[in-house]
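Student: I'm new to this one and would love a close look at a single part of it. Could you walk me through one strand and what surrounds it?

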Amino acid sequence: QVQLVESGGGLVQAGGSLRLSCAASGRTFSSYNVGWFRQAPGKEREFVSAISWTGSSLYYADSVKGRLTISRDNTKNTVYLQMNSLKPEDTAVYYCAAHPSTRAVSGISRLWDYWGQGTQVTVSS
């Protein structure tokens, strides 16, 4: 139904910026909420941000508020995560996820239906 592919990760210095993209295929993508999670080695998968299907509701983890911005362009079937003022603790594999907008956004990873393959973000000090 929905396939997700992340891109845009890389190696940056602390204080730098990256923009991640989540490209989706599927005829009903515009009806899905989309979120970003991240997972560092040895740690649990962590909720980062989410956006409602209309783009009118945005959600951020406290650790990234003010530094990361989520947006979407439904005409391009793409969700973006603009990451500024990056910190070494932002280092992780970043995954995008989706579920139908009939269910509320959740920070619990198992409640999301579709997942991308992940893109590595590494922030050096």
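**A close look at strand 9**

Tutor: Happy to. Keep in mind that this is a predicted model. Let's warm up away from our strand: strand 1 and strand 3 (residues 18-25) make an antiparallel pair with five bridges. In that pairing, Leu4 sits across from Ala24 of strand 3. The two belong to an open sheet of four strands, ordered 1-3-8-7 and paired antiparallel. Strand 1 (3-7) and strand 7 (68-73) are at its edges with a single partner strand each, so one side of each has no neighbour in the sheet. On average, and ignoring direction, neighbouring strands here are turned by 15° against each other.

Now for strand 9 itself, which covers residues 92-100. Is it enclosed or not? Seven of its nine residues are buried, so the rest of the structure largely encloses this strand.

Which strands pair with it? Strand 4 (residues 32-39) runs antiparallel to strand 9, and eight bridges join them. One facing pair there is Arg38 opposite Tyr94. Strand 11 (residues 119-124) is another antiparallel partner, with three bridges to strand 9, and in this case Tyr94 lies opposite Thr119. Then comes strand 10 (residues 114-115), also antiparallel, joined to strand 9 by two bridges. Here Ala97 is the residue opposite Trp115. As for what holds such pairs together, strands of a sheet pair through backbone hydrogen bonds, either parallel or antiparallel.

Tyr94 has come up twice, so let's stop there. Setting aside neighbours within four places in sequence, Tyr94 has contacts that include Glu6, Leu20, Trp36, Val48, Leu81, Met83 and Val121. Tyr94 is also among the residues with the most contacts inside the largest nonpolar core, which has 33 residues. The others in that group are Leu4, Trp36, Val79, Leu81 and Met83. Strands 3, 4, 5 (46-51), 7, 8 (78-83), 9 and 11 each give the core at least two residues. Strand 9 provides the largest share, five residues. That fits a broad pattern: in soluble globular proteins, nonpolar side chains tend to be buried together.

Next, look across from Tyr94 to Thr119, which is in strand 11. Buried or exposed? Thr119 is buried, because its relative accessible area is 11%, and the cut-off for buried is under 20%. Its side chain reaches the backbone nitrogen of Gly9 at 3.2 Å. Leaving out neighbours within four places in sequence, Thr119 touches Glu6, Ser7, Gly8, Gly9 and Leu20, along with Ala92, Val93 and Tyr94.

Finally, follow the chain out of strand 9 to Arg103, in the loop between strand 9 and strand 10. Arg103 is partly exposed, with a relative accessible area of 30%. What does its side chain meet? The side chains of Arg103 and Asp113 are joined by a polar contact of 3.1 Å. Beyond its neighbours within four places in sequence, Arg103 is in contact with Asn33, Leu111, Trp112 and Asp113. Arg103 and Tyr32 are 71 residues apart in sequence, while their C-alpha atoms are 9.3 Å apart in space.

To recap, strand 9 is largely enclosed, with strand 4, strand 11 and strand 10 as antiparallel partners. It also supplies the largest share of the 33-residue core.

Definitions and conventions:
Residues are numbered from 1 along each chain as its sequence is written. This is a predicted model: local features need pLDDT of at least 70, side-chain atom pairs count only at pLDDT 80 or more; totals for chains, interfaces and linings use all residues. Side-chain values use heavy atoms; hydrogens and water are left out. Two strands pair if DSSP finds at least two bridges between them. Axes are lines fitted to C-alpha atoms, for helices over the stretch in contact, and angles run from 0 to 180 degrees between N-to-C directions. Buried means under 20% relative accessible area, exposed over 50%, partly exposed in between (1.4 Å probe, protein chains only). A polar contact is a pair of N or O atoms within 3.5 Å; within protein, one must be able to donate a hydrogen and the other to accept it, and residues adjacent in sequence count only if both atoms are side-chain atoms. Contact means heavy atoms within 4.5 Å. A nonpolar core is a set of buried Ala, Val, Leu, Ile, Met, Phe, Trp, Tyr and Cys residues joined through side-chain atoms within 4.5 Å.
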